[in-house]
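Let's take a walk through this protein chain, going from the overall picture to a handful of individual residues. Keep the viewer open and follow along.

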Amino acid sequence: MPSSLPRPLADLPVRRLTRDDLVPCADLSEDRGWPRDEHRWGLLLTAGTAYGIDDPEGKGLMATCVVTSYGADLAAIGMLLVAGRYSRQGVARHLMQRVIDSTGGTPLSLYATSAGRPLYEKLGFRTVGRNQRVSGRFRSAAEPDGHGTGGHPGSAADAGPTVRPATAGDLPAMLRLDAEASGVDRTHLLARLPAFADHLRVAEDGGALVGYAALWPSEGSHVVGPLIARDTATAKVLVRSLAGATDRPLRVDVDARHEELLAWFGACGLEPGSATTVMRLGSRRQPEDWTRLFAPLSVATG
């Protein structure tokens, strides 16, 4: 049953969240019908700056929001959640405005659900793209050249890049590739991927690193992301390798402009699900190269 706010919004203190708040954050996700994803919350609470409002009734958190900074040129906003009992009372706007003010004019990016998009538009965010979620059991699909997907990536029967598990020595090359594609330095996030992901793979061609991808657990499935590659063929090889490492269903949030990859996922048994709108506030000095950005780490915003 909805609860009325016990005091004016302006009187509700916003505080910084820490890893000690992991369980209340997961509880709030569950309250909103999302996976608890304590594993992902653990990453966000350490790699980003999380804000929250405590429930005045002592029932955990009323609201959360996480900002992951990539320097002066961009910050990503995610996990804007409000407990169902306090929905439609201005809490999300109140917290979001506090978060925007805290970033000091840094350009902001987020992935909006259909429910959250009207709020972000009122706050000045504009639409710059769309992400399409696909999920399901991955199965082999024949390529136009007749090659199937069942062979081991990198075998003599496969043309193009080879795929192998990432090592600590790959990090500098991964960071260079990622910065070229994303337009920002995401060192503090990528350095945590080996501990966060169940599998982290790199693609090489002629001795050069041309892509990388991570596979991480979420409520009975495995999520592919980030997925960074020089082209669609490389992205496919990375996904095949990761799919072969799990017996769980896959979930991927794909930049909708990558129509060829989305069609391939369909041929491999993954079905389209929800879509999110990519939105931005402010202008970036260094734009991303979307042709190499196939899937982000996470799209959850609200």
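What follows starts with the whole chain and then moves to rings, single residues and backbone oddities.

First, a word on what you're looking at: this is a predicted model. The chain's secondary structure adds up to nine helices and 13 strands. Does the overall size fit a globule, and what would the rule for 302 residues give? A compact globule of that length would have a radius of gyration near 19 Å, and the chain comes in at 20 Å, which agrees. If you lay the C-alpha trace along its principal axes, the spans are about 70 × 40 × 30 Å.

Now for how the chain packs. Of its 302 residues, 52% count as buried. Look at contacts between residues at least 6 apart in sequence, and 72% of them join residues at least 24 apart. On the outside, the accessible surface is about 13,300 Å², with 50% of it belonging to carbon and sulfur atoms. As for charge, there are 34 positive and 34 negative side chains, and the centres of those two sets lie 4 Å apart.

Next, the rings. How many aromatic pairs does the structure hold? The count is four. One of them is Y120 with F125, an edge-to-face pair with 5.9 Å from centre to centre and 70 degrees between the planes. Both Y120 and F125 are buried. Another pair is W264 with F265: the ring centres are 5.4 Å apart and the planes meet at 55 degrees, so this pair is tilted. To call it edge-to-face, the angle would have to be over 60 degrees. W264 has 6% relative accessibility and counts as buried, while F265 is buried at 0%. If you bring F138 into view as well, you'll find that ring pairs link F138, W264 and F265 into a cluster.

F265 is a handy bridge to our next stop, V252, which has F265 among its contacts. V252 sits in strand β11, residues 250-255. Is V252 buried or exposed? Its relative accessibility is 0%, so V252 counts as buried. Setting aside neighbours within four places in sequence, V252 is in contact with Q132, R133, V134, V224, F265, L270 and A295. The C-alpha atoms of V252 and G225 are separated by 7.0 Å, with their positions 27 residues apart along the chain.

G225 deserves a pause of its own. Which residue does G225 join through a cis peptide bond? The partner is P226, and omega for that bond is about 0 degrees. P226 lies in strand β10, which covers residues 221-229. Most peptide bonds are trans, and most residues other than glycine have a negative phi.

That brings us to phi. D37 isn't a glycine, yet its phi is positive, at about 45 degrees. You'll find D37 in the loop between α1 (22-31) and α2 (38-47). D37 is buried, with a relative accessible area of 5%. R88 also has a positive phi without being a glycine, this time at about 60 degrees. R88 lies in the loop between β4 (75-82) and α3. At 86% relative accessibility, R88 counts as exposed, whereas D37 is buried.

Stay with that part of the sequence and turn to S4, which belongs to the segment before β1 (15-17). S4 counts as exposed, at 63% relative accessibility. Where does S4 find contacts beyond its sequence neighbours? Leaving out residues within four places, S4 is in contact with Y86 and Q89. The C-alpha atoms of S4 and S87 are separated by 9.6 Å, though the two residues are 83 apart along the chain.

Our last stop is T103, in the loop between α3 (91-102) and β5 (108-112). Despite its place in a loop, T103 is buried, with a relative accessible area of 14%; the cut-off for buried is under 20%. Not counting residues up to four places away in sequence, T103 touches V67 and L108.

How values were computed
Residues numbered from 1 in each chain as written. Predicted model: local features only at pLDDT ≥ 70, side-chain atom pairs only at ≥ 80, totals over all residues. Heavy atoms only, no water. Helix = DSSP H or I, 4+ residues; strand = E, 2+ residues; numbered from the N terminus. Rg over C-alpha atoms; globule rule 2.2 N^0.38 Å. Buried < 20%, exposed > 50% of the residue type's maximum accessible area, 1.4 Å probe, protein only. Contact = heavy atoms within 4.5 Å. Areas by Shrake-Rupley, 256 points an atom, 1.4 Å probe, with all protein chains shown as cover. Lys, Arg positive; Asp, Glu negative; His and termini not counted. Charge placed at Lys NZ, Arg CZ, Asp CG, Glu CD. Phe/Tyr/Trp six-rings, centres within 6.5 Å; stacked < 30°, edge-to-face > 60°.
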